[in-house]
Amino acid sequence: MRRLVVIALLLICSISPIIGNTSADTNSANDNLEIVASGNHIIHRGETIEASITVRNVGDETTIIDFSYYLPENISISNLPNQFTLNPNQVRMFKFYYTCDDYAPYYSVISFVNITSDSETGKVYSNLFTLIISKDSDLQFGVDDDSEFIVDPGLRTNLAVNMTNHGMYTDDVSFSISTNSNWQWGWIMDDVQNGIAMESFQSGELKFIRMWIEIPPVIDSNPLYLSGPKFSLTATSGLDLVEVTWSFDLLMTGFRNVSLSSHGDDLLLDPDSNNRIPVTIRNSGNVENLMSLDLQIIDDNGNIIDDFPISDRIEYDGWIVAIFGGYEEELLMPTSTRTFEVGFQSPNINSGEINVRVKITPNGALSRAISVDLTSQIVWDRTFETELLSQDCTLLPGESCIPEFRIFNDGNYQDQFTISAIQIPDFVSLEVQQRTLEIPKNTYSDINDFTIIAKNDVEAFANSQVIFQVYLTDVPSQAKNVAIDIVIAPKIDWSIQDLTEEEDALGRFNIAMTLRNDGNAADGIIVQLQCSHFTQMTLIPPVDSIVESGVDFPRSFEISDIGFGSNFTVRAWAEIPTEQTSNGTMYLNVSIRSSFAPDEAISFTTNVEYIGVPWQQENSIDEDDGFVKILAQTTELIIAWKWIIISVAASTLIIGKALRDRKLRSEQNEIFGQIYNKEKPETDDWMSKFDKKNDEIVSTVESPQISPENFERGFRSKSIGQKPVTEPVNEKLRDAASLVLDTHDKSSVVKEADELLDSINTEGINSPAEENTKLEAQKYTSSMTKRNDPQNLLDEQDNDNDYTKSVPLPEEDDLDF
């Protein structure tokens with residue numbers, strides 16, 4: 001019976017909105033008011049609920065609306081205005097309240113709220129409200145607040161929550177679940193219809209609501225640690241449709257994982273080189289974590305070689321493998337990536353390979369470790385290039401040429417190369433035809449030890465190529481050719497075989513010169529004739545030569561194709577001059593130039609004597625004419641050399657006068673020397689003492705010791721005391737000397753000295769100059785100069801001979817030994 005009542009209430013609730021909406025939508029498009037009512041409501045005994053009507057004035061004028069209503073029994077209304085003024089396009093919501101009394105029966109009733117407008121006379125806007133008077137429900141979950149559950153990824157989680165009906169009536173409750181995720185869920189209950197679980201609760205009855213949720217795995221760090229969706233379990237009462245909701249969050253537990261994002265290709269290395277392979281990993285777990293990186297050596301089949309322990313740096317067969325940029329001590333956030341590099345250092349060999357396994361292990365999840373296999377291989381690059389450095393070889397017969405070319409080893413390892421001459425022309429020869437050498441990587445070697453020699457009998461302009469083949473010693477098929485162009489140059493070599501010179505009866509000087517082509521090619525010559533005098537001369541060209549047209553006496557010609565080893569004679573003549581005023585020599589020059597080397601001339605010069613016109617007459621000359629002629633020539637010679645003769649005579653007179661004056665001064669100096677100079681005392685030749693050789697053995701004598709006081713007293717007893725200071729020169733005497741020096745010219749001092757001596761001997765001393773007012777005249781007495789001798793060193797005549805050869809030493813008693 002109770003179920004029928006609940007169904008009837010649900011039908012009424014579904015029909016009532018249709019009725020209300022129908023009444024509200026009866027307004028036509030021409031209505032001035034738009035009205036929206038809140039519809040049906042559930043109300044309990046003694047309860048007041050809120051309802052609302054929204055009115056909009058869609059007209060162009062202000063209108064006044066009036067409210068009226070119809071109420072069923074046991075229902076009252078409040079807060080609804082009687083009248084309200086709406087401006088154009090104004091919207092107004094009117095809230096009012098329904099109140100149910102305490103004794104109303106449990107059933108559905110209908111209430112109307114009518115609205116009229118003063119701008120629309122006679123038109124009523126009626127709004128229906130359905131009020132369901134229901135019994136009170138009181139459903140409560142056993143959990144008051146929202147809950148959180150820690151779940152593991154990839155597992156189905158079962159949940160159960162209890163609910164109690166605290167109401168006074170039996171209640172048929174429907175349950176539904178809502179969530180913001182796409183996680184799968186379901187009910188573990190008996191009555192489930194279209195995803196809604198039904199359960200009937202007696203008054204005061206407690207029951208458990210059970211469900212299951214499928215926890216997805218952590219994919220790409222989603223969901224993160226301690227994060228997850230929210231689920232809401234809603235229980236709807238069958239009595240009054242009151243909903244009770246319990247929400248819970250499913251939080252994911254920590255999941256540690258790592259995944260490989262990418263890695264570089266395997267390496268192809270040069271010998272003794274290094275490179276790195278990048279590896280990018282990603283923290284695909286949902287919690288920050290550390291990543292451990294290790295290296296393992298594996299064979300070609302992927303099997304681990306156990307002889308080498310796991311490490312982040314391994315040395316194996318000359319290889320060095322290490323991890324760079326691993327940052328194993330730094331946490332890697334979820335969804336973040338990290339790129340590290342695996343470096344390979346290859347040994348200095350030309351072949352080899354190494355296989356390495358990189359193991360990446362997330363901390364705390366050893367079972368989820370991943371690995372990637374990397375390979376590095378040595379590739380021997382054996383490319384090389386050649387470059388010709390020298391130009392072609394242009395050789396004369398018997399000459400040699402050293403070609404030069406360069407071999408570049410562009411490979412990555414040292415290599416051996418063989419150089420072999422594969423083509424040699426017949427007119428040249430090679431001293432060495434093959435050699436082998438080793439060139440380091442990325443370097444080159446210059447080849448300049450092959451000598452090409454031209455044969456002596458080779459003709460000019462012979463040409464060909466010497467081809468050298470350069471190839472790897474162990475791979476002859478990989479070869480490159482170097483071609484050297486060989487050209488035999490013409491050898492210019494003309495020699496004079498015979499030369500004939502003669503004078504004929506016609507007064508001509510004839511020459512005939514025979515030349516031979518000693519070169520290696522048929523050559524031509526250009527012959528030119530030149531003479532030192534203006535006279536008639538010519539070459540005698542052969543028949544097939546090229547000469548200047550219209551010239552009777554050609555002085556040049558050209559002839560070609562004189563074979564090598566052939567002779568050729570050049571003939572020429574020149575008239576001997578007969579009209580010259582004096583005798584002389586005529587020079588005749590013949591220049592021969594090769595057609596191949598016109599800048600290099602072969603010159604030959606010959607000469608012939610000729611007689612001048614005066615000497616060609618045979619008239620004799622008498623003796624008188626000869627004497628006159630000799631006299632005239634002598635006069636001309638004297639006139640031409642007169643200044644030189646005068647200069648020599650003047651120089652002789654001056655030199656004689658100088659010699660006489662010198663002799664006179666020497667005699668005077670001897671006289672004055674006898675008067676004034678005294679005999680010089682003999683001095684001790686102390687230097688001669690060092691010339692004596694003393695063969696005696698010198699014995700070391702021990703010096704006696706004396707006190708400083710006794711030594712000073714003994715020394716003072718032998719001292720002669722301090723010498724007095726010399727008196728200064730008389731001021732008047734010094735001024736007079738200065739005046740004399742200023743008055744007389746330096747250039748006349750020597751000349752006047754002799755005159756002064758003569759004047760003193762004959763006339764006596766002259767009186768002082770008139771300008772001299774400072775020096776007083778004194779009476780002259782002819783006597784020796786009185787010397788200033790304050791110490792009376794010159795009192796005795798014998799003092800000149802009294803001299804001491806050496807300073808005497810103190811007596812032994814005085815030294816107080």
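## Backbone outliers in loops

Leu241 lies in the loop between β18 and β19 (243-252), and in this predicted model Leu241 has a positive phi of about 60 degrees although it is not a glycine. Its relative accessible area of 36% makes Leu241 partly exposed.

A second non-glycine residue with a positive phi is Asn194, for which the angle is about 55 degrees. Asn194 is placed in the loop between β15 (192-193) and β16 (196-201), and because its relative accessibility is 81%, above the 50% cut-off for an exposed residue, Asn194 counts as exposed.

## A cis peptide bond

The peptide bond that runs from Asn222 to Pro223 is cis, its omega being near 0 degrees. Pro223 belongs to the loop that connects β17 (206-214) with β18 (230-236).

## The largest nonpolar core

The largest nonpolar core holds 28 residues, of which Phe141, Phe175, Trp187, Leu233 and Leu250 touch the most other members. Two or more residues of this core come from each of β10 (139-141), β12 (156-165), β13 (171-179), β16, β17, β18 and β19, and the element that gives the most is β19, with five residues.

For Leu250, one of the core residues that touch the most other members, the contacts can be listed once neighbours within four places in sequence are left aside: they include the aromatic residues Phe149, Trp183 and Phe231, together with Val151, Leu159, Ile213 and Ile215. Leu250 is also in contact with Ser227, Gly228 and Pro229.

Key:
Residues are numbered from 1 along each chain as its sequence is written. This is a predicted model: local features need pLDDT of at least 70, side-chain atom pairs count only at pLDDT 80 or more; totals for chains, interfaces and linings use all residues. Side-chain values use heavy atoms; hydrogens and water are left out. Helices (H or I, at least four residues) and strands (E, at least two) are DSSP runs, numbered from the N terminus. Buried means under 20% relative accessible area, exposed over 50%, partly exposed in between (1.4 Å probe, protein chains only). A nonpolar core is a set of buried Ala, Val, Leu, Ile, Met, Phe, Trp, Tyr and Cys residues joined through side-chain atoms within 4.5 Å. Contact means heavy atoms within 4.5 Å.
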